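Subject: The structure for you to look at

Hi there,

Here is the structure I promised to pass on to you. Have a look at it first, and then read on for what turned up.

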Amino acid sequence: MRRKRENSEREVYQNPLKKRPRGRPWPKGVSGNPAGRPKGAKNKFTLAVETGIRRAKEKLAQPRIFDPDKPHESWDGYYLQEGLWFAWDPIRREHILLPDQDPAPKPPARFDPAERRTEMVWKGRLIYVQHGWPFDPGTWKRLKI
């Protein structure tokens, strides 16, 4: 039995095509795929996560600015637009966001007829403004402006 194994092992090593290389197949520091991804490059998932984080930070860092062209409500020099309170600053000569407010208020899904509202004409159509959010008087759904 041993002779058969020795013969088969000798045949493998005598045939150069079946002989395994000793050690590393390439020199040290050389890749088997030179056109592959470079060292330190990030995979697609990591890049997507970092992009999402960067976009979220940019969105949160944006200052909320009062836009007089958009629907808003006003009382005694204070303005309510998209759920945020603004006041006129005579020194800066602009509307400023009042402090201690939620940076991203959640808009209501539907109009509440029991609460106070302001009727106004905006871009040639009648709308209701409630808590600074514009609503369609026919469907009572919030308008996206």
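Let's start with Lys123, which counts as exposed because its relative accessibility is 70%, over the 50% mark used for that label. Lys123 sits in the loop between strand 5 and strand 6. Its phi is positive, about 55 degrees, although Lys123 is not a glycine. His131 also has a positive phi, near 55 degrees, and is likewise a residue other than glycine. You will find His131 in the loop between strand 6 and strand 7 (133-135); with a relative accessible area of 38%, His131 is partly exposed.

Before going further, please keep in mind that this is a predicted model. The mean pLDDT over the chain is 77, and 78% of the residues score at least 70. Which elements have the lowest and the highest mean pLDDT? Helix 1 (residues 2-14) has the lowest, at 54, while strand 6 (residues 125-130) has the highest, at 88. Where pLDDT is low, the predicted coordinates should not be read in detail. 

**The overall layout**

The chain has two helices and seven strands. Read from the N terminus, their order is α-α-β-β-β-β-β-β-β. Of the 145 residues in the chain, 16% are buried. The accessible surface comes to about 12,600 Å², and carbon and sulfur atoms account for 53% of that. If you take the contacts with a separation of 6 or more, 34% of them are between residues 24 or more positions apart.

**A nonpolar patch**

Now find helix 2 (residues 44-61), where Phe45 is located. Phe45 has a relative accessibility of 63% and so counts as exposed. Together with Val49 and Ile53, Phe45 forms a nonpolar patch on the surface, and the three have about 310 Å² of accessible area between them.

**Salt bridges**

How many salt bridges does the structure hold? There are six. Side chains of opposite charge can pair when their charged atoms come close. Here are some that you can look up yourself:

- Lys42 pairs with Glu50, with 3.0 Å between the closest N and O atoms. Lys42 is partly exposed at a relative accessible area of 43%, and Glu50 is partly exposed at 32%.
- Lys70 and Glu82 form a salt bridge through their side chains, at 3.6 Å from N to O. This pair links distant parts of the chain: Lys70 is in the loop between helix 2 and strand 1 (73-75), and Glu82 is in the loop between strand 2 (78-81) and strand 3, twelve residues apart. Lys70 is partly exposed, with a relative accessible area of 27%, and Glu82 is partly exposed too, with 21%.
- Arg92 pairs with Glu94, and their closest N and O atoms are 3.9 Å apart. Arg92 counts as exposed at 55% relative accessibility, whereas Glu94 counts as partly exposed at 37%.

**Around Asp89**

The Arg92 and Glu94 pair belongs to something wider, as Asp89, Arg92 and Glu94 are linked in a network of salt bridges. Asp89 lies in strand 3 (residues 84-89). Is Asp89 buried or exposed? Asp89 is buried, because its relative accessible area is 15% and the label applies under 20%. Its side chain reaches the backbone nitrogen of Ile91 at 3.3 Å. Apart from neighbours within four places in sequence, Asp89 is in contact with Glu94 and Ile96.

**Around Thr118**

One more residue to visit is Thr118, in strand 5 (residues 118-122). Thr118 is partly exposed, with a relative accessible area of 25%. What does Thr118 touch, not counting residues up to four places away in sequence? The answer is Glu73, Ile127, Tyr128 and Val129. With Glu73 there is also a polar contact, in which the side chains of Thr118 and Glu73 are joined at 2.9 Å. Thr118 and His72 are 46 residues apart along the chain, and 8.7 Å separates their C-alpha atoms.

If you would like a place to begin, try following the network of Asp89, Arg92 and Glu94 on your screen.

Best wishes

Terms used. Residues are numbered from 1 along each chain as its sequence is written. This is a predicted model: local features need pLDDT of at least 70, side-chain atom pairs count only at pLDDT 80 or more; totals for chains, interfaces and linings use all residues. Side-chain values use heavy atoms; hydrogens and water are left out. Helices (H or I, at least four residues) and strands (E, at least two) are DSSP runs, numbered from the N terminus. Buried means under 20% relative accessible area, exposed over 50%, partly exposed in between (1.4 Å probe, protein chains only). A polar contact is a pair of N or O atoms within 3.5 Å; within protein, one must be able to donate a hydrogen and the other to accept it, and residues adjacent in sequence count only if both atoms are side-chain atoms. Contact means heavy atoms within 4.5 Å. Patches are made of residues with over 30% relative accessible area and no salt bridge: like charges are joined within 9 Å, nonpolar side chains (Val, Leu, Ile, Met, Phe, Trp, Tyr) within 5 Å. Accessible areas come from the Shrake-Rupley method with a 1.4 Å probe; for residues, only the protein chains shown count as cover. A salt bridge is a side-chain nitrogen of Lys or Arg within 4 Å of a carboxyl oxygen of Asp or Glu. pLDDT is the predictor's confidence in each residue, from 0 to 100.
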